[in-house]
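Okay, thanks for squeezing me in. I'll walk you through one structure, going from a helix out to some sheets and then to where the chains meet.

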Amino acid sequence: MTDPILRIRDLVVSAPDGRRLTDGINVDLAPGEVLGLIGESGAGKSTIGLAALGYGRGGCTITGGTVQVASRQIIPGSRQDREQVRGARVAYVAQSAAAAFNPAQRLGDQMIETALYHGAMTRPEAIAWRDELIRVLQLPNPETFPDRYPHQVSGGQLQRAMIAMAMACRPDILVLDEPTTALDVTTQIEVLVLLRGLIRRYGTAALYITHDLAVVAQISDRIMVLRHGTLVEEGTAQAILESPQQDYTRRLVAERSAHDRLVKTRELGPQILSVDQLQVHYGQSQALFDVSLTLCRGETLAIVGESGSGKSTLARAIAGLPPQSQGTMRFDCAALPANYRARSRDMLRRIQLVYQLPDVALNPRQTVAEVLGRPLQFYFGLKGKALTEGIAALLTDVGLPVDFASRLPGSLSGGQKQRICVARALAAKPDLIICDEVTSALDPLVAEEVLQLLARLQQEHHLAYLFITHDLGVVRRIADRTLVMQKGKVVEQGPTEQIFTPPWTGYTGELIASVPEMRRDWLDDVLARRTPV
Amino acid sequence: MRKPTFTAWLGLAIIAVYLLVLIAGPWLAPFGQEEIIGSPFGDPEPGHLFGFDQNGRDMLSRLLFGGQMSIGVSLSAVLISFSVGIPLGFLAAIRGGWFDTILSRFVDTIMCVPVLISALVVLQALGSSLPVLILTIALLDSTRVFRLSRVLAQGVNALEFAEVARLRGEGGFWLIRKEILPNVAGPLVAEFGLRFCFTFLFVAGLSFLGLGVQPPFADWGGMVKDNQQAIVYGLYAPLYPAAAIAILTVGVNLVVDWMLAGRAAPQGDNR
């Protein structure tokens, strides 16, 4: 192996409270090599990425180990050494492009700023290089693109612009921190393809940080699997995918390639919800156009679409939240008023909502007992011993220890919080639970457990689920029927197996084909299929 | 809440001393506030630690009497302004619509006139009795409390746990008491400390202009004004009440800083 361009030895990064975020990590990155860093939240992957720039985020400090970039030591080292390396030799691409650009400056100026700051190029050189990058990254209207402001371009374009900005000094190393996680699947493909092309074209080495094994498989040569700040397994991408050695890696690989249904056969009850010609307006703009659907007891209907497709609006309309909606909704043979204020207490009880982010769905100042006890008290008038028993039963039902009742949400993990949210919905003994992206904010293995919990509860309580998600893998496993939405309209609906069975057509096909698969040649296959030679 | 720092302890100690003055000031005072027992601007002597004021009254006694008056007026004004401002602000936030619009525009209208001018007009028109003074300051101040509590409540009300409570069918009182108040209590308590300081200085300012507490009752702002000519002769007389005002302001701010620092500590993103 040639001399590594990045050499990290025994890296220890400590949080302000003294906890070690990474513990003795070694990284070697050869010139032009792409190394994937994989792990769930808290694994320390972003921390390692930032350490490559000699930086600790949010009060974290690098307390041990060495970092060398191109044989030049920056940790331990002087501030000047680090400043000369940052942006020039090692550049960082963040998850949120919208937060990385100054909204008041034109994109073009921001894209050459680093090069001018480091004095790496004169202004005309920097502009010429920027325009080349704009063309390589296939940004639209290369002549006028630099004159635009960040809010004038789409999310995917902004992400590409940020990659171009990071390339401004022709760095040796790119640190890519979840660069496609915030993007829709169809946009993710574009960015992945262009990013891979760029790295190969200029021979840039990269640290690719993500929680999605299938994505990293497409782009990296080697993969490091991390957990709780330590290395679990390291190997070539091929080896990790095909013959993982460690149990944790095997579970990660298995989870991502699981397609078997969680619930095999089910008897459906009578129809419980019907929505006919629903329209929702937000001020002047229309978010939903004539959406109709039906749902039976014990059935799961998945609503699928990318951001802006109106799937969350649909969920909120059924819950009665938007200020103005037209159309008719019926619930258990009775008319369902469009506004939740006009619904009876019993109607409110029978439709429950579970949200994407358990952090903001739970009041940080209420204990679990208060959170779960209130619906029991409010709807069923439980008091004293009956209330305590009810709370204990709910906790047991969602697989949590009974002594969690006295805890505050702050002391629970993300998955545990989401279980509490599910328990709170169950407390009302509902007929319909609207699940709005309930697993999207969770780590894959935790999300899998929550999915299994939901499937079990559905059988036990004969619940109807309206499952809003952008994750087609989840849909396939849990939904009886699927409804695909695009720009506020329903483009396809039918039994899930039918929708997922090739030949796929139209927008649905594009969506399904865009979901990364757990094999190395997936991206090439997609490209080959897309551009018939 | 974080453990009190050294400066926070200092502030708490200062506040404790002032609370003692508020409760027991007149009983601690060796002389009455109207008793003329020495020469004007007389020097300190045994039994008269701080000397005498412009009329020959014992300075220490007047400071103790004035403390009760000044702190009492400010404290009741702030308490009233919070008990008016917070409920209205919270209601405006969760009701929205015309209720919010009318209240907010009304508050904007009051706020565009400087507080001192409004207060001067009202006090001139109604005469400066103690209840009028307290109510005027309280109501003018409640506009700011209204604004703050409205914006804090709007922030919490937009979160999903508040939405869950609304969708459950909870009434406004539950929303305010259980979902909103516990989550905004910190900033409101800090604001209480700050507003108390401002009000205190404001009362002192009004007294200085002759519209606050009326003679012969002592209060610190008025005492600074009454003794001001002593400065010309290089005497300390006006500095004692001025220092009393300054030290309380510093003490309250030390405590508020500590409370706010606790709120602003990094919460730790995705760790």
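Let's start with H6 of chain A, where 11 of the 12 residues are buried, so call that one mostly covered. One thing before I go on: this is a predicted model. The helix covers residues 155-166 of chain A and goes 17 Å from its first C-alpha to its last, close to the 16 Å expected at 1.5 Å a residue. If you want to click along, the buried residues of H6(A) include A:Gln157, A:Arg160, A:Met162 and A:Met165. A:Gly156 and A:Ala166 are on that list as well.

And what covers the buried residues of H6(A)? Quite a mix: strand E6 (90-93) and strand E7 (173-177) of chain A are included, and so are the chain A helices H3 (97-100), H4 (107-117), H5 (123-136) and H7 (185-202).

Next, strand E3 of chain A, residues 34-38. Five of its five residues are buried. Both faces are covered, with A:Val34, A:Gly36 and A:Ile38 on one side, and A:Leu35 and A:Leu37 on the other. As for partners, E3(A) pairs with strand E8 (residues 205-210) of chain A in the parallel sense, over five bridges, and in that pair A:Ile38 stands opposite A:Thr210. E3(A) also pairs with strand E9 (residues 222-227) of chain A, again in the parallel sense, over four bridges. There you'll find A:Leu37 opposite A:Met224.

Now scroll along chain A to another sheet. This one is open and has six strands, in the order E16-E17-E18-E13-E19-E20, with mixed pairing. Which strands stand at the edges? Those are E16 (351-354) and E20 (489-495) of chain A; each has a single partner strand, so one side of each has no neighbour in the sheet. On average, neighbouring strands of this sheet are turned by 15 degrees against each other, ignoring direction. Inside the sheet, E17 (residues 432-436) and E18 (residues 464-469) of chain A run parallel and are joined by five bridges. A:Cys435 stands opposite A:Phe467 in that pair.

One residue I'd like to show you is A:Arg343, which sits in the loop between strand E15 (334-335) and H12 of chain A. Is this arginine, A:Arg343, buried or exposed? It counts as buried, because it has 20 C-beta neighbours inside 10 Å. Leaving aside neighbours within four places in sequence, A:Arg343 is in contact with A:Gly320, A:Pro337 and A:Leu348. A:Glu389, on the other hand, is 46 residues from A:Arg343 in sequence, and the two are 29 Å apart in space, C-alpha to C-alpha.

So, on to the interface. There, 19 residues of chain A are in contact with 14 residues of chain B. On the chain A side, helices H12 (345-350), H13 (358-361) and H14 (368-380) each supply at least two residues. By class, that side of chain A has 12 nonpolar, five polar and two charged residues.

Last stop, chain B. Two packed helices are described by the angle between their axes and the distance between the axes. For helix H2 (residues 59-95) and helix H5 (residues 130-157) of chain B, the axes come within 6 Å and cross at roughly 35 degrees. The crossing of H2(B) past H5(B) is right-handed. Their contact divides into 20 nonpolar, eight polar and two charged residues.

That's my tour, thanks.

Definitions and conventions. Residues are numbered from 1 along each chain as its sequence is written. Chains are lettered from A and ligands numbered from 1 in the order in which they are written. This is a predicted model: local features need pLDDT of at least 70, side-chain atom pairs count only at pLDDT 80 or more; totals for chains, interfaces and linings use all residues. Two residues are in contact if their C-beta atoms, placed from the backbone, lie within 7 Å. Ala, Val, Leu, Ile, Met, Phe, Trp, Tyr, Cys and Pro count as nonpolar, Asp, Glu, Lys and Arg as charged, and the others, Gly among them, as polar. The expected span of a helix is 1.5 Å times one less than its number of residues. Axes are lines fitted to C-alpha atoms, for helices over the stretch in contact, and angles run from 0 to 180 degrees between N-to-C directions. A crossing is left-handed if the near helix is turned anticlockwise from the far one by less than a right angle, and right-handed if clockwise. Two strands pair if DSSP finds at least two bridges between them.
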